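Colleague: Please pick one part of this model and take me through it closely, with the cut-offs you use.

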Amino acid sequence: MLQIMAKNTPTMIGTTRFRSTNHLCPSSHCGHHSSGSSIIRKTTLPPPNLQYVTRTLIIRSCKNHDQFQEIVGRDHLLQESVLPKLRLSVAPLVKFATSSSFLPSALIAGVVFALINPSAGCLAHKYQVSKFSIIGIFLISGLTLPSEEIGKAAEAWPVGLFGLTSILLLTPLLSKFMMQVHLKPQEFVTGLALYNCMPTAISSGVALTRLAGGNSTLALAMTVLSSLLGILIIPFSVSRLIAGGVGATVPADEMFRSLIVTVLIPLILGKLFRESIKGMADIVDSNRKHLSVLSAILLGLIPWVQVSKSRPLLLMVKPEVALVAVLMGALLHLMLLCFNALLIQILCAVLGGRKSIFAKEDNYKTVLLVASQKTMSVLVAVVEQLGGTFGEAGLLVLPCIAAHIIQVIIDSFIVGFWNKRKQSLDNVKIV
């Protein structure tokens, strides 16, 4: 039967190649043509257990040869048509991940996932994912910190000094008045008061300063120094301004040690890696966008863990109360903007008017944006260290996430207004 099938299918047997036939039949049953094509030399049938395999192989090869060629052609068409569309569909995702809106989206996504399924977040809390995320964030901050940027900001040191004073000493005083507001749950108010005692935002302030045409080197220097000095000042600010309002005591020494371990040491290690390892600075600078995405993801993991742990209490909060907390976050940022704008105007009037260093447009924009923003990274480190001293961590963090997102949105509108006004003035000058 095999000989008859071979005679009836000469074309297929002459053109079909096999890598090896030894796995189908022994050498006594199969031979190889000198040209490499497989042919059948003897009429002896293969063993019963191999007979069906051999027949199926020959019949399917003969019957579907044309179909096989058609399928190969379709595969080429599929690669030529679908793969470019797939690349096009991935491109917007990559663009979104490297945009300034990715950080707020990561924070919102962390909260949403925690509310939908808290079991994974509770498991992550068991293995201290929040703590390792904080360490990773500040390690990346140290890696992306160039030394020359800090030196360039020395010329505007009075502006930087005022900015640091406002961030760490003046604006935290508002927390004392915020604690007089009573809201259920009270953790919403306490969380915003804690948020007000934090250093400036690590990434958004510098990014918005660059977009506004401000002094980005000064913004970066203020960001780094406020984070470093904040480790020393925050424990005492929280203890003096907030702990009395809730009848709790804050272990300032333990918080200080925790901030050193989770914030200062990773920041210094990142900086040492950048400066000591040859070629590390070039690698980091060429992948700065990817590191920003990684930092945003790590920051998004923290509210995911903390909200997952506090989900039962969050579901008990009335929607109108949550809306009030969000409005309080927006009001807090507007108060900080007005407070710093007023102080800058006073300093300009005292120190020479329009000739003052504070009156320079780039310095004014820089100090107003950077001194009015607060960071989430240090806040979550403080809340993690406090444990349950001021209440549930998820309830403390949730209004701060809203406030952080709102401050980015508000400042984006301000930067857009500045840029439009500058563009219109440039057009007037050209005309």
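Modeller: Happy to! A residue is buried under 20% relative accessible area, exposed over 50% and partly exposed in between, with a 1.4 Å probe and protein chains only. This is a predicted model, where local features need pLDDT of at least 70, side-chain atom pairs count only at pLDDT 80 or more, and totals for chains, interfaces and linings use all residues. Residues are numbered from 1 along each chain as its sequence is written, and side-chain values use heavy atoms, leaving out hydrogens and water.

Let's look at helix 20, residues 361–371 (helices are DSSP runs of H or I, at least four residues, numbered from the N terminus). Eight of the 11 residues of helix 20 are buried, so this helix is mostly covered by that cut-off. From Thr366 the buried residues run on through Val367, Leu368, Leu369, Val370 and Ala371. Asn363 and Lys365 are buried in helix 20 too.

Ser372, which follows in the numbering, helps to line the second largest cavity, as does Lys374. Tyr195, Ala403 and Gln407 are also in that lining, and helix 19 (319–350) gives the largest share, four residues. Helix 22 (393–430) likewise gives two or more residues to the lining. By class, the lining has four nonpolar, four polar and one charged residues (Ala, Val, Leu, Ile, Met, Phe, Trp, Tyr, Cys and Pro count as nonpolar, Asp, Glu, Lys and Arg as charged, the others, Gly among them, as polar). Here a cavity is a set of points on a 1 Å grid where a 1.4 Å probe fits but cannot get out, and lining residues have an atom within 4 Å of a point.

Definitions and conventions:
1 Å grid on protein atoms, 1.4 Å probe; cavity = no way out; pocket = protein on both sides within 12 Å on 5 of 7 lines; lining within 4 Å.
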